[in-house]
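Got the viewer open? Here is a short walk through the model, one selection at a time.

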Protein chains: 2
Amino acid sequence: MARCVEFNEVEKIEKAMNVFWEKGYNATSMQDLVDAMQINRSSLYNTIGDKHQLFMKCIGNYFDTAMCELKEKVSKETSAKQALIKVISDKADWIVSCDKGCLGMKTSFEIAPEDTIVRNVMSKNNDIFIEFMATIVQKAMDDGEMDDTEDAALMAEYIATSFTGWKQSYILHGNPIKIKKMSEFLIKNIFK
Amino acid sequence: MARCVEFNEVEKIEKAMNVFWEKGYNATSMQDLVDAMQINRSSLYNTIGDKHQLFMKCIGNYFDTAMCELKEKVSKETSAKQALIKVISDKADWIVSCDKGCLGMKTSFEIAPEDTIVRNVMSKNNDIFIEFMATIVQKAMDDGEMDDTEDAALMAEYIATSFTGWKQSYILHGNPIKIKKMSEFLIKNIFK
DNA sequence: TTGATTCTGAAACGATTGTTTCAGAATTGT
DNA sequence: ACAATTCTGAAACAATCGTTTCAGAATCAA
């Protein structure tokens, strides 16, 4: 038998993800990646693949991690309303504390428009997120914590839409207070 | 005396803008630009400058044109409320009809995070837009067409934030109905 | 027409892009 | 120790990147 793979792939993917996250897809070179991953050029191509395949694994890992943290966070809350408030205010906190911006947004606007493969996986991931949020909204409606004349899916979409806007605002202005205000405005708004 | 510049600079800038708009900054090569602009490589560098300077002129032109159209559109409406409704629903229509996406958003997420010069001009442009929207909101409040317990600037920010979210949604899902619904939801929301 | 100036086209610049190749070192089961 | 297999490092690949250079064509005022 022969020698077996020694490096931890997930660990390397995470390092690559951070580079893409910081610089964006096109501005990241393979040189940047091998430097950051501390992996051999050959090993990278043999085990993971080319730049595009590596990127796909990165955004996959990015979404899985985020989704996992979200579910864990929600499960700790007692009511659906409290869960929504927690998710929204935490999102606002995350935006102002993460100097790299959001990899999902960068990918949506830089790559997704012209890359069908990336767009499809981003679209699917987004659907999963929206659906999850919609179930919480629906629960809040069922429990009488929220106005239920509105569609739960639309409300979830409204929340997600707001997140996107905040991220752009913070890139341009870097004003934490503005983000905080907008998150409070959103919370006030969805609970009538 | 000598020969003078023959090509119309603004006209050329617009052609370059369309390339950046479609492909994004990093994915656009100088070759793409000279091809589209139908201008000489040397003339480009002599009269306009390098890639970055050309891009700056493009986003400047992009914003000026958009702002001009916006003001003209608003001036044609009879009331502030009607102006807001018109701006919002037209924005929704524009998003679903423009297959290139939005150059402003692409720039915000791809370039602005790591390019101070671009970020500053984008930030300033955004401020101008928000301020303009805020004046209309304020007028609607003063005229009793809107609930005036909320801050006009925050309401303007809320509207702009929504636009950003719709743009991302449309890139990923390409669903015109969804955009339409969200725009109707926004209109319903801001007029209580 | 002449001389001055500017535009034009193409070639060339060095640097970097993503990717492949390959000989040798390292590690494995037998 | 052995042969089998895989990892490693560096070099090389062709292609493209943004930018510069420059001789000649084109245009101007006199």
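Start with a single residue: select B:Gln38. It has 10 C-beta neighbours inside 10 Å, and because 12 or fewer is the cut-off, B:Gln38 counts as exposed. Keep in mind as you click around that this is a predicted model.

**Stop 1: the two Gln38 loops**

Stay on B:Gln38 and look at the backbone. Its phi is near 55°, a positive value in a residue other than glycine. In general, most residues other than glycine have a negative phi. For context, show the helices on either side: B:Gln38 lies in the loop between H2 and helix H3 (41-47) of chain B.

Now jump to chain A and pick A:Gln38. Where does A:Gln38 lie? You'll find A:Gln38 in the loop between helix H2 (30-37) and helix H3 (41-47) of chain A. A:Gln38 is not a glycine, yet has a positive phi of about 55°. A:Gln38 is exposed too, with 10 other C-beta atoms within 10 Å.

**Stop 2: chain A as a whole**

Zoom out and colour chain A by secondary structure. You should see 9 helices and 0 strands, so no need to hunt for a sheet, and the pattern along the sequence reads α-α-α-α-α-α-α-α-α. The C-alpha atoms of chain A fill a box of roughly 65 × 40 × 30 Å along the principal axes. Of the 192 residues in chain A, 35% are buried. Among contacts in chain A between residues at least 6 apart in sequence, 62% join residues at least 24 apart.

**Stop 3: the nonpolar core**

Next, select A:Phe20, A:Cys58 and A:Val137, together with B:Phe20, B:Cys58 and B:Val137. These residues have the most contacts inside the largest nonpolar core, which has 92 residues. In soluble globular proteins, nonpolar side chains tend to be buried together.

Centre the view on A:Phe20. Which residues is A:Phe20 in contact with, leaving aside its neighbours within four places in sequence? Show A:Tyr25, A:Thr28, A:Phe55, A:Cys58 and A:Leu103, and you have them.

**Stop 4: H1 against H4 in chain A**

Keep A:Phe20 on screen and bring up helix H1 (residues 9-23) and helix H4 (residues 51-75) of chain A. Their axes are 9 Å apart and the helices pack at an angle of about 95°. That makes H1(A) roughly perpendicular to H4(A).

To see who meets whom, show these two groups as sticks:

- From H1(A): A:Ile13, A:Glu14, A:Ala16, A:Met17 and A:Phe20.
- From H4(A): A:Leu54, A:Phe55, A:Lys57, A:Cys58, A:Asn61 and A:Tyr62.

Colour them by class, and this contact shows 8 nonpolar, 1 polar and 2 charged residues.

**Stop 5: the two chains together**

Bring chain B back and try superposing the chains. Chain B can be laid on chain A with an RMSD of 0.0 Å, by a turn of 180° and a shift of 0.0 Å along the axis. The two copies are thus related as by a two-fold rotation axis. The same surface serves both of them, as 100% of the contact residues of chain B recur in chain A.

How many residues does each chain put into the contact? Chain B gives 35 residues and chain A gives 35 residues. On chain B, highlight helix H6 (103-110), helix H7 (116-142), helix H8 (152-173) and helix H9 (176-190), each of which supplies at least two residues of the side that touches chain A. The largest share of that side, 14 residues, comes from H8(B). By class, the side of chain B that touches chain A has 14 nonpolar, 14 polar and 7 charged residues.

**Stop 6: H8 meets H8**

Hide everything but helix H8 (residues 152-173) of chain A and H8(B). Here the axes are 7 Å apart, and the packing angle is about 110°. That makes H8(A) roughly perpendicular to H8(B).

Select A:Ala160, A:Thr161, A:Ser162, A:Thr164, A:Gly165, A:Trp166, A:Gln168 and A:Ser169 in H8(A). Facing them in H8(B) are B:Ala160, B:Thr161, B:Ser162, B:Thr164, B:Gly165, B:Trp166, B:Gln168 and B:Ser169. The residues of this contact divide into 4 nonpolar, 12 polar and no charged.

**Stop 7: two distances to check in chain B**

Show chain B in full again and pick B:Thr116, which is found in helix H7 of chain B. With 9 C-beta neighbours inside 10 Å, B:Thr116 counts as exposed. Draw a line from its C-alpha to that of B:Asp151: the two residues are 35 residues apart in sequence and 30 Å apart in space.

For the last selection, go to B:Gln31 in helix H2 (residues 30-37) of chain B. Is B:Gln31 buried or exposed? B:Gln31 counts as exposed, with 9 C-beta neighbours inside 10 Å. From B:Gln31 to B:Asp90 the C-alpha to C-alpha distance is 35 Å, and the two are 59 residues apart in sequence.

Technical notes
Residues numbered from 1 in each chain as written. Chains lettered and ligands numbered in written order. Predicted model: local features only at pLDDT ≥ 70, side-chain atom pairs only at ≥ 80, totals over all residues. Core = buried A, V, L, I, M, F, W, Y, C linked by C-beta atoms within 7 Å. Buried ≥ 20, exposed ≤ 12 C-beta atoms within 10 Å, placed from the backbone. Contact = placed C-beta atoms within 7 Å. Least-squares fit on C-alpha atoms with pLDDT ≥ 70 in both. Helix = DSSP H or I, 4+ residues; strand = E, 2+ residues; numbered from the N terminus. Nonpolar A, V, L, I, M, F, W, Y, C, P; charged D, E, K, R; others polar. Axes fitted to C-alpha atoms, helices over the stretch in contact; angles between N-to-C directions. Parallel < 35°, antiparallel > 145°, perpendicular 65-115°, else oblique.
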